[in-house]
Every structure is written in structure tokens, then in C-alpha cells.
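Hi everyone, thanks for coming along. I'd like to walk you through one structure today, so please have the sequence and the 3D view open in front of you.

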Amino acid sequence: MDESRRDRDEEGRARNARPRDGLGRPLPYGSQGVERQPEGVVRSPAETLREAQRLLDAGMPFHAHEVFEDAWKSGPDAERELWRGLAQMAVGLTHAARGNAAGGARLLRRGAVAVEAFRTSDPHGIAVDGLIAWARDLADRVSPSGQGAGDEEGAPPGVDAAVEAPRLRREDRAGE
């Protein structure tokens, strides 16, 4: 691959073809990365939640964020803020796992605010109250003062994304 040229997809849109690790960090060309999520997939809400939960449980919140982003872009207008908030939570977990405590905490809190309006309806069985509590708790734990280090040498190690993965639906919370 000629690294001086910009990667393009079949339609000519700019796309970074570099392989990525499980947390979405780019790896050098030719490295073995994890399979990327296809973009623009239209899924039912149940399929979105199932795939996102699978990725979260596997410690791949960056990839779960991409699944939520597809739902946010293709879903009904009335649910866009829900899917956007879930995407922000997933990318917040991604940053926290990468050691970017301040950025992770900020995105986790932003995602919690975004889904607030859905807490009385729990659309698609999503445990909105539980996710809000999870996001705020993790944000407080990774950056209690709101001032965390970010992706720099000497930054504290990140959290384990698989261990910290939230349960998205009420039915997934059984037995906890």
C-alpha cells in the first residue's frame, strides 16, 4: 500500500484502510488487526443491540460504537438521540480503555445526558436507567476529579473494556 496516498473505498470516499486493534487504534499497514465493522448497515433495533452487546462483551467498544452510529444515522428521527447517546457511551468506554480518562469520562457523561429523555420508556428493552448509572459511575471512577490524563506517556493504564462492558437490555441484566 502506498502510504502517501489517501485510502479510498469503491465509491471514491476517503476511508482509512489501516488495520485496527480491538479498541479501534490504527496499526501499521500489514499488521494483523481485528475485522472492522461494515459501515452503513441497516439493522433492526434488536439486531443492533445484539451485535453491540456482543462487541462490548468482547472488549471492542469502538466497534460497538460503529454499530450504534449506523442505527443513529438510519433510524427514525425520534430515536436518533438515543442511538447517538449509546454511541457516545461506547466511545467513552473506548477512551477510558485506551487510558484517556478525561476524554472517556466526558463522553460517558455526555452519552448519559443524551439518553435521559428515554428513561421512562426503555425503548427496545434498553435499560436506560441502568446505562445512565453505569456511565456516570465509570466516568467518576476513571476521572473522579474530572481531570484525567489523556493518551500520553505516563498516563494511567486504561480500564479493561470487556470487564467494564455494560448490559444494554433489561433482559441481559437478569441474575446480576
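**A helix and its neighbours**

Let's start with packing: the buried residues of helix 5 pack against helix 3 (80-98), helix 4 (101-115) and helix 6 (161-164). Do keep in mind that this is a predicted model.

Which residues of helix 5 are the buried ones? They are V128, L131, I132, W134, A135, L138, A139 and V142. If you look down the axis of helix 5, these buried residues fall within an arc of 165°, so they line one face of the helix. The general background is familiar to all of you: an α-helix has 3.6 residues a turn, so residues three or four places apart point the same way. As for its dimensions, helix 5 runs over residues 128-142, which is 15 residues. From first C-alpha to last, helix 5 reaches 21 Å, close to the 21 Å expected at 1.5 Å a residue.

Now let me zoom out to the whole chain. The secondary structure comes to 6 helices and 0 strands, so please picture α-α-α-α-α-α along the sequence. Of the 176 residues, 46% count as buried. Take the contacts with a separation of 6 or more: 60% of them are between residues 24 or more positions apart. The accessible surface comes to about 9200 Å², and 48% of that belongs to carbon and sulfur atoms.

On to charges. The structure holds 13 salt bridges, and I've picked three to show you.

Back on helix 5, D140 forms a salt bridge with R109, with the closest N and O atoms 2.8 Å apart. This pair links distant parts of the chain, since D140 sits in helix 5 and R109 in helix 4, 31 residues apart. D140 is partly exposed at 40% relative accessibility, and R109 is partly exposed too, at 29%.

Also from helix 5, D129 pairs with R119, the closest N and O atoms being 2.6 Å apart. R119 lies in the loop between helix 4 and helix 5, so this salt bridge ties together parts that are 10 residues apart in sequence. Which residues belong to the network here? Salt bridges that share partners join E116, R119, D129 and R136 into one network.

My last example is within helix 2 (residues 61-74). There, the side chains of K73 and E69 meet at 3.6 Å, N to O. These two are 4 residues apart, about one helical turn. K73 counts as exposed at 56% relative accessibility, whereas E69 is partly exposed at 22%.

That's my tour, and thanks for listening!

Definitions and conventions
Residues numbered from 1 in each chain as written. Predicted model: local features only at pLDDT ≥ 70, side-chain atom pairs only at ≥ 80, totals over all residues. Heavy atoms only, no water. Expected span 1.5 Å × (residues − 1). Buried < 20%, exposed > 50% of the residue type's maximum accessible area, 1.4 Å probe, protein only. Arc of directions from axis to C-beta. Contact = heavy atoms within 4.5 Å. Areas by Shrake-Rupley, 256 points an atom, 1.4 Å probe, with all protein chains shown as cover. Salt bridge = Lys/Arg side-chain N within 4 Å of Asp/Glu carboxyl O.
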